[in-house]
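Let's work through some exercises on how chains fit together and how charged side chains pair up. Have a look at the structure below, then try each task before you read its solution.

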Amino acid sequence: MSDTAVVETGDARVPVETLDTRTSRRRFLRNGGLAALSLGVASACKPSATKSPAVAQQGAAAGTAASQDTSSVASARANADAMDAMHEKGIKAFPAKTAGLGNQRLEPVMDKGVKVFELTAKKIQWETEPGHLVEAWAYNDQVPGPQIRVKEGERVRVILHNQLPESTAIHFHGLELPNDMDGVPFITQPPVKPGESFTYEFVVPNAGSNMYHSHHNSAKQVGLGLLGAFIVEPTVTTVNDHADVDEVLILNDGAHGYTFNGKSFPATQPLVAKLGQKLRIRFMNEGMMIHPMHLHGMHMTVIAKDGWPVPAPWKCDTLNVAPGERYDVMVNCNNPGTWAFHCHILQHAESDHGMFGMVTALVVQKDSKSIA
Amino acid sequence: MSDTAVVETGDARVPVETLDTRTSRRRFLRNGGLAALSLGVASACKPSATKSPAVAQQGAAAGTAASQDTSSVASARANADAMDAMHEKGIKAFPAKTAGLGNQRLEPVMDKGVKVFELTAKKIQWETEPGHLVEAWAYNDQVPGPQIRVKEGERVRVILHNQLPESTAIHFHGLELPNDMDGVPFITQPPVKPGESFTYEFVVPNAGSNMYHSHHNSAKQVGLGLLGAFIVEPTVTTVNDHADVDEVLILNDGAHGYTFNGKSFPATQPLVAKLGQKLRIRFMNEGMMIHPMHLHGMHMTVIAKDGWPVPAPWKCDTLNVAPGERYDVMVNCNNPGTWAFHCHILQHAESDHGMFGMVTALVVQKDSKSIA
Amino acid sequence: MSDTAVVETGDARVPVETLDTRTSRRRFLRNGGLAALSLGVASACKPSATKSPAVAQQGAAAGTAASQDTSSVASARANADAMDAMHEKGIKAFPAKTAGLGNQRLEPVMDKGVKVFELTAKKIQWETEPGHLVEAWAYNDQVPGPQIRVKEGERVRVILHNQLPESTAIHFHGLELPNDMDGVPFITQPPVKPGESFTYEFVVPNAGSNMYHSHHNSAKQVGLGLLGAFIVEPTVTTVNDHADVDEVLILNDGAHGYTFNGKSFPATQPLVAKLGQKLRIRFMNEGMMIHPMHLHGMHMTVIAKDGWPVPAPWKCDTLNVAPGERYDVMVNCNNPGTWAFHCHILQHAESDHGMFGMVTALVVQKDSKSIA
């Protein structure tokens, strides 16, 4: 991350300390010395500076240290520098600015004690990473759709306006609603045709990290972005409901590529906490593949599955989240620094051009002004 | 589901109430009013009724509400109606009749205290959905093979007759048998050649939801249907062993497509329970992919993994079942209605032609004559 | 396995009893009798010995028992014999000898109380099964790299020498290290260029079954073999830390195909324990796919996830391990014999040419000289 990079999380602008100032110069120089030593041995064996890069690479492929002569090392170094420059560029760009931000909390309008949320589904253009625009089908111009956050027992009305070229409907995934509010066309309701609207209204029956998404032509419609978080706070809270930081991380792998909350690295948003804070992360998989999420530096304690508290919280650093699943975890942010946080199916996170897709960072700040 | 659809579960014929009588007319009409309002605004902006559908669609692709004019809405509506008709047709056909029913309980013949089951493996034609015939390799003409259900400690003999064009063998997946009964050719027994038979005999060592399947050229043979449930009831029962309804749901994704108990939607069988009943579902994955099973309307409590009671039952609405795994769950059927129940890898469950593959329903009936 | 096959585990040579001596002759003869009986009926129906094999196969494909006449049975038998011979050959070759053995414990050099491990990363040729050589990128000429085994609280120095044609770096997956030891180029350190070295040094912060691997161009570099086990023994031990046998099983599915500890069946190494011993298996997935590991004959009790003890150990026979995950299980080796042990995504384990890839065996020996 560059000297001037800042971490934007809502209205907070968080300066990110550069690598240069954090890395131990002493260690790196010592390493350089060791490298020179080991290379000196190799060079002494086979000085053949006229070898072409291709020949040198064949030599390297022979799998012996002796084959690494001066020219092959120089050639490898040049190739490595070119590759590394691409990797560095991606990381320095993080968190990159893009148009649009999903998962923004939607404030309800009150109507005689009912919390009313309006969702308009329509086609938009969505920027998943700088300069990369994709067609999205979105609620209220956001991917993921706006975050709905209510409390167990509250009366809620969700009005869906369909401005899509297809029929649609909303399923409240995880909420144990009356059957006619379940959002499955031809089973629990008619499809909501293009140009029509439909009103869902119910008393919120159960707490937890739930989702809402299309349940009509859903492989396509959810893949294009018709999804969002539906968080229900419990009436009886526990220690976990008083996290210092509470984040939703929606995983997707549909038409928009590998995304966290609708964005691909380097446009993903970092999670930020201060040293000693408790961070709650609500993972939600709206994609078609598993994503084993790996956090560096600290473990995660799983406290809920599909919104239901687990009977015995368990620890992990790699949490396999399958399509449709949600997991709530707590992280005790006791290790300062900028920590890679990514899907461990490495093809979802890195190519020879650098990190992409399902990568973000957890930044644990020593104080309010700098990291680690 | 149509007015005349009936849910057949064994000998019970269960009338399924139609959507029309269940849907609130009042709500739908109110929705229509809202839709007209929102469309009126859009139409007023850009009246251009001469646009062709193609042009209209391009306009819609521009991603602005203003581009949705009268003709584009009409065009979208026509396209949506055509798509919806396909979706509706599939759901109205559910549960569709097909020839053949797998997982039927096989009654043993008693031989001096030994429960004897005969299984004949051979090629058959199998109807996975109406009119769709596939080659299957089946035990006793069923896919899945007949359900074997015995009790811990009983002596069991399974006689396998091989009428296939390949050798085969049976592995009792999950049973902790003596080594020579384990069913792995060249490791624990010779392959059973075409035309030959082989007899397995053992005292059932452990309780739980287990399976039997070919362990020879198994990627092909299991994929073609040589598999079945082997349920072992415990000698010491708990409350979970007295479920009101006890169902096996075998997931597969091999040569026959995405199936539940050998059938694809709309030919899958619904699960049916009365309001207030306890339903036990025994998931078994005999396929090559994970299938995160999502139940609408009620959560599932996981009580066993691979036949072993879990130390601390946990709740979920989406249960990720991997190849070879079994999970037993309990559902407290306290929410009346017809509930979608499907794999949440949406490509295994829905296309733009409607639902297919790994979709069924849990029907929770208010009384013995009608649903919800 | 052949009469002369031996199981090599380190310096122990374990004679493997042959199938022939273990199989009950009495049972097999009785089976032969049954087969003759059932075939006699079929043969009596349609004696037509002049049918060509092709015609016979078409007849068999018609899916009726009546089509299985004498010639089709003979033809099927010949085809089956040919297929079975391939299957037998693979199993008899197990455990096949190949050059190179990964996951060998690396003894540290002590430097003033610091345990020093040197890892040299370079290109090598690696034999995954007899005669099948692949390009590997390896630490110390091993795939997986050498096993590092230390104790919680010890001071450790890992010196990485990069003789690869690309930059690299080591991430200690699961260790909660200071940020600058986390091994992510451009986030926590500079990339280690070709020809350079880098030194990691830290006090081991947490116990458990962890891993080390490249975190630079990782989809490629880890796929090619830059990975290994980093086991941390706890300062306060429990009963599980005193297993009689303690094995690491690293799953991979990258450029080298489906492997256990860098080898494919029949070159995988069997796990060997004596009857009554407690076996601890540390599963680690360094691949890109899930691998549900199925053990025959005995169940596994999961005692740790990602190195962290689970609050309530649970039993299974099929354990789904996702990329980046580790699971520790205990097996009470109370069932003598040679037990198949494989990934239950059957395409990762068996083709019509026989078992391959992710297959090994657990051998539970009755005494020190023979099996079961």
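Before we start, one definition: contact means heavy atoms within 4.5 Å. The model is predicted, so local features need pLDDT of at least 70 and side-chain atom pairs count only at pLDDT 80 or more, while totals for chains, interfaces and linings use all residues. Residues are numbered from 1 along each chain as its sequence is written, chains are lettered from A and ligands numbered from 1 in the order in which they are written, and side-chain values use heavy atoms, with hydrogens and water left out.

**Exercise 1. The rotation**

Find which rotation superposes chain A on chain C.

Solution. Start with the general idea: two copies of a chain are related by a rotation about an axis and a shift along it. The fit is made by least squares on the C-alpha atoms of residues with pLDDT of at least 70 in both copies. For chain A and chain C, the rotation is 120°, the shift along the axis is 0.0 Å and the RMSD is 0.0 Å. That is the relation of a three-fold axis. Within chain A, the C-alpha nearest the axis belongs to A:Ala312, 4.2 Å from it. Now try chain B: a turn of 120° with a shift of 0.0 Å along the axis lays chain A on chain B, with an RMSD of 0.0 Å.

**Exercise 2. The surfaces that meet**

Work out why the copies A and C are said to meet through different surfaces.

Solution. First, count the residues in the contact: 58 come from chain A and 56 from chain C. Next, compare the two sets: only 3% of the interface residues of chain A are also interface residues in chain C, so the copies meet through different surfaces. For chain A and chain B the figure is only 4%, so these copies also meet through different surfaces.

Then look at the area. Buried area is the accessible area (1.4 Å probe) that two parts lose on being put together, summed over both. Chain A and chain C bury about 4,900 Å² between them, with 57% of it on carbon and sulfur atoms.

**Exercise 3. Pairs across the interface**

How many salt bridges does the rule find across the interface of chain A and chain C?

Solution. Side chains of opposite charge can pair when their charged atoms come close. The rule asks for a side-chain nitrogen of Lys or Arg within 4 Å of a carboxyl oxygen of Asp or Glu. Across this interface it finds four salt bridges. One of them joins C:Lys193 and A:Asp84, whose closest N and O atoms are 2.7 Å apart. On the side of chain A that touches chain C, helix α4 (residues 70-93) gives the most, with ten residues; helices here are DSSP runs (H or I, at least four residues) and strands are too (E, at least two), numbered from the N terminus.

**Exercise 4. Buried or exposed?**

Decide whether C:Lys193 is buried or exposed, and do the same for A:Asp84.

Solution. Take the cut-offs first: buried means under 20% relative accessible area, exposed over 50%, and partly exposed in between (1.4 Å probe, protein chains only). C:Lys193 has a relative accessible area of 13%, so this residue is buried. A:Asp84 has 2%, so this partner is buried as well.

**Exercise 5. Salt bridges inside chain A**

Find which residue meets A:Arg280 in a salt bridge, and where the two lie.

Solution. The partner is A:Asp328, at 2.7 Å from N to O. A:Arg280 lies in strand β15 (residues 278-285) and A:Asp328 in strand β20 (residues 326-332), 48 residues apart, which links distant parts of the chain. A:Arg280 is buried at 7% relative accessible area, and A:Asp328 is buried at 1%.

Now a second pair: A:Asp306 forms a salt bridge with A:Arg326, the closest N and O atoms being 3.6 Å apart. A:Asp306 sits in the loop between β17 (300-305) and β18 (308-316) and A:Arg326 in strand β20, so the pair ties together parts that are 20 residues apart in sequence. A:Asp306 counts as buried at 1%, and A:Arg326 is buried at 0%.

Finally, shared partners join salt bridges into one network, whose members include A:Arg149, A:Glu233, A:Arg280 and A:Asp328.
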